[in-house]
Amino acid sequence: MFSHRMARVDRDRLHLALMLALTFSTGVVDAVGYLGLDRVFTGNMTGNVVLLGMALTGTTNLPIVRPLLALFLFLAGAVVSGRVVRRGPEGWSGAVSWMLWVIAALLTAIAAVLAFLLPLDTELVGTIATSALGFAMGMQAALARRVKVADVTTVVVTSTLTGLAADSRLAGGNGAFWLRRLLAVVLIMAGAAAGALALLVHVSLGVLVSAVISIVVAILGHSGHTGRRRAAAEAEPATA
């Protein structure tokens, strides 16, 4: 019983660390989209909806097409990923690992397109890139929802900030999950800073960094998942 409980704690800590890594990755991608690709949020859809609302008034010079496409493709990515990961059990599964590899491949392809094709047609390639990034972030958000790490959605921190304040001891709460909530906020901010710095090199670099993060998360998550299944299988004969 004790070893089972410790294994569950280790699993939860691993999942928390991996989702926090993806939160950092979202910050990187959003910085690339907003600063490098014409003020488009590809992960934070709240920001996109607000920007669209202002742009549609016609009183600003904010873009309309790219944020709108990113929003629709985000939803499409969430639908696709949601259907795939639902085939597996709740929490981490082989389907989650597989979707992370798809996301990593998509991000790598986007980075290559930005690196080699952006100078040829800035408008068209930029629109394709922000739409594809929105699709990738939608897939990421759906799989993070399936993994179910409390207060770490990987793509938004407004609810996380609300929980951090409303559940704090200052507000009369018990301060539950304060560390992970704070880390989620800090890491998405750090990711945005890293993405902004990456733009000093090239607009594709931040996307490539996010692809690498997705690969690392997929490897570690899958290793932890298969390791737990192997340990459970080995324990069954001993239990019997």
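**A walk through the predicted helices**

The largest share of a nonpolar surface patch, 6 residues, comes from helix 8, which covers residues 203–239 of this predicted model. The patch as a whole has an area of about 800 Å² and is built from Leu197, Leu200, Val201, Leu205, Leu208, Val209, Val212, Val216 and Leu220. One of these residues, Leu205, lies in helix 8, and with a relative accessible area of 31% Leu205 is partly exposed. Because membership of such a patch asks for over 30% relative accessible area, the 31% of Leu205 is enough on that count.

From the surface we can turn to the packing of helices against one another. Two packed helices are described by the angle between their axes and the distance between those axes. For helix 6, residues 158–166, and helix 7, residues 178–198, the axes come within 9 Å and cross at roughly 140 degrees, and the crossing of helix 6 and helix 7 is left-handed. On the helix 6 side the meeting residues are Thr160, Leu161, Gly163 and Leu164, while helix 7 contributes Trp178, Arg181, Leu182, Ala184 and Val185.

Ala184 appears again in the surroundings of Thr23, a residue of helix 1, which spans residues 2–36. Once neighbours within four places in sequence are left aside, Thr23 is in contact with Val152, Thr154, Ala184 and Ile188. Thr23 has a relative accessible area of 2% and is therefore buried, the limit for that label being under 20%.

A second buried position is Val96, in helix 4, residues 94–116, where the relative accessible area is 0%. Apart from neighbours within four places in sequence, Val96 is in contact with Val85, Gly91, Leu143 and Val147. Pro63, by contrast, is 33 residues from Val96 along the chain, and the C-alpha atoms of the two residues are separated by 34 Å.

The charged residues add another set of links, since side chains of opposite charge can pair when their charged atoms come close. Across the whole structure, a search finds 5 salt bridges. In one of them, the side chains of Glu123 and Arg66 meet with an N to O distance of 3.9 Å; Glu123 lies in helix 5 (residues 122–147) and Arg66 in helix 3 (residues 65–85), so this pair ties together parts that are 57 residues apart in sequence. Glu123 counts as exposed at 55% relative accessibility, whereas Arg66 is buried at 6%.

Another salt bridge joins Lys148 to Glu90, with the closest N and O atoms 3.1 Å apart. Here the pair links two loops, Lys148 sitting between helix 5 and helix 6 and Glu90 between helix 3 and helix 4, with 58 residues separating them. Lys148 is exposed, with a relative accessible area of 52%, and Glu90 also counts as exposed, at 53%.

Arg181, already met where helix 7 faces helix 6, forms a salt bridge with Asp151 in which the side chains come to 3.0 Å, N to O. This pair connects helix 7, which holds Arg181, with the loop between helix 5 and helix 6, which holds Asp151, and the two residues are 30 apart in the chain. Arg181 counts as buried at 6% relative accessibility, while Asp151 counts as partly exposed at 23%. Through salt bridges that share partners, Asp151, Asp167 and Arg181 are joined into one network.

Conventions:
Residues are numbered from 1 along each chain as its sequence is written. This is a predicted model: local features need pLDDT of at least 70, side-chain atom pairs count only at pLDDT 80 or more; totals for chains, interfaces and linings use all residues. Side-chain values use heavy atoms; hydrogens and water are left out. Patches are made of residues with over 30% relative accessible area and no salt bridge: like charges are joined within 9 Å, nonpolar side chains (Val, Leu, Ile, Met, Phe, Trp, Tyr) within 5 Å. Accessible areas come from the Shrake-Rupley method with a 1.4 Å probe; for residues, only the protein chains shown count as cover. A salt bridge is a side-chain nitrogen of Lys or Arg within 4 Å of a carboxyl oxygen of Asp or Glu. Helices (H or I, at least four residues) and strands (E, at least two) are DSSP runs, numbered from the N terminus. Buried means under 20% relative accessible area, exposed over 50%, partly exposed in between (1.4 Å probe, protein chains only). Axes are lines fitted to C-alpha atoms, for helices over the stretch in contact, and angles run from 0 to 180 degrees between N-to-C directions. A crossing is left-handed if the near helix is turned anticlockwise from the far one by less than a right angle, and right-handed if clockwise. Contact means heavy atoms within 4.5 Å.
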